[in-house]
Amino acid sequence: MTIPTVAETERAELKRWFTKEATAFEVASLSSKDELRANYRAFRAEHVDRLTTAELAAIIIASGLYIEIGRAS
């Protein structure tokens with residue numbers, strides 16, 4: 001199986017579709033197709049399911065605040 005080459009603009013459009021527009025049914029329908037499954041999983045792992053730097057920072061800050069609030073109680 002060859003992994004298709006996708007231009008950066010197309011990749012951004014696909015990521016936006018997965019994260020903002022696609023319904024659960026659309027994602028489930030796409031992921032259930034045997035011929036697409038491997039590329040679908042690879043794309044999701046690389047571009048959709050990964051946490052961004054901002055998300056990681058928010059998690060760290062929220063965790064620190066949670067710990068401090070717990071100590072103050």
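Which residues make the nonpolar surface patch of about 260 Å²? The patch is made by Leu 51, Leu 56 and Ile 59. Keep in mind that the model is a predicted one.

Take Ile 59 from that trio. Ile 59 sits in helix H4, which covers residues 53-72. Its relative accessibility is 44%, so Ile 59 counts as partly exposed. A residue needs over 30% relative accessible area to join a patch, and Ile 59 has 44%.

Now for the helix packing. Two packed helices are described by the angle between their axes and the distance between the axes. Here the pair is helix H2 (residues 24-31) and helix H3 (residues 37-48), whose axes come within 9 Å and cross at roughly 130°. H2 and H3 are therefore oblique to each other. On the H2 side, the contact is made by Val 27, Leu 30 and Ser 31. On the H3 side, Arg 37, Tyr 40 and Arg 44 make the contact.

Two of those H3 contact residues, Arg 37 and Arg 44, turn up again in the charge pairing. Arg 37 forms a salt bridge with Asp 34, while Arg 44 forms one with Asp 49. The count comes to five salt bridges, and the table gives three, including the one between Glu 21 and Arg 16.

| Acidic residue | Basic residue | Closest N to O distance |
|---|---|---|
| Glu 21 | Arg 16 | 2.1 Å |
| Asp 34 | Arg 37 | 2.8 Å |
| Asp 49 | Arg 44 | 2.8 Å |

How open to the outside are these partners? Start with the pair at 2.1 Å, Glu 21 and Arg 16. Glu 21 is partly exposed, with a relative accessible area of 46%, and Arg 16 counts as partly exposed too, at 39%.

Next comes Asp 34 with Arg 37. Asp 34 has a relative accessible area of 58%, so it is exposed. Arg 37, at 26% relative accessibility, counts as partly exposed.

That leaves Arg 44 and Asp 49. Is Arg 44 buried or exposed? Arg 44 is buried, because its relative accessible area is 18% and the cut-off for buried is under 20%. Asp 49, its salt-bridge partner, counts as partly exposed at 48% relative accessibility.

So, back at the H2 and H3 contact, Arg 44 is one of the H3 residues making it, is buried at 18% and also holds a salt bridge to Asp 49. Arg 37 is another H3 contact residue, partly exposed at 26% and bridged to Asp 34.

Terms used
Residues numbered from 1 in each chain as written. Predicted model: local features only at pLDDT ≥ 70, side-chain atom pairs only at ≥ 80, totals over all residues. Heavy atoms only, no water. Patch = residues over 30% accessible without salt bridge, like charges linked within 9 Å, V, L, I, M, F, W, Y side chains within 5 Å. Areas by Shrake-Rupley, 256 points an atom, 1.4 Å probe, with all protein chains shown as cover. Salt bridge = Lys/Arg side-chain N within 4 Å of Asp/Glu carboxyl O. Helix = DSSP H or I, 4+ residues; strand = E, 2+ residues; numbered from the N terminus. Buried < 20%, exposed > 50% of the residue type's maximum accessible area, 1.4 Å probe, protein only. Axes fitted to C-alpha atoms, helices over the stretch in contact; angles between N-to-C directions. Parallel < 35°, antiparallel > 145°, perpendicular 65-115°, else oblique. Contact = heavy atoms within 4.5 Å.
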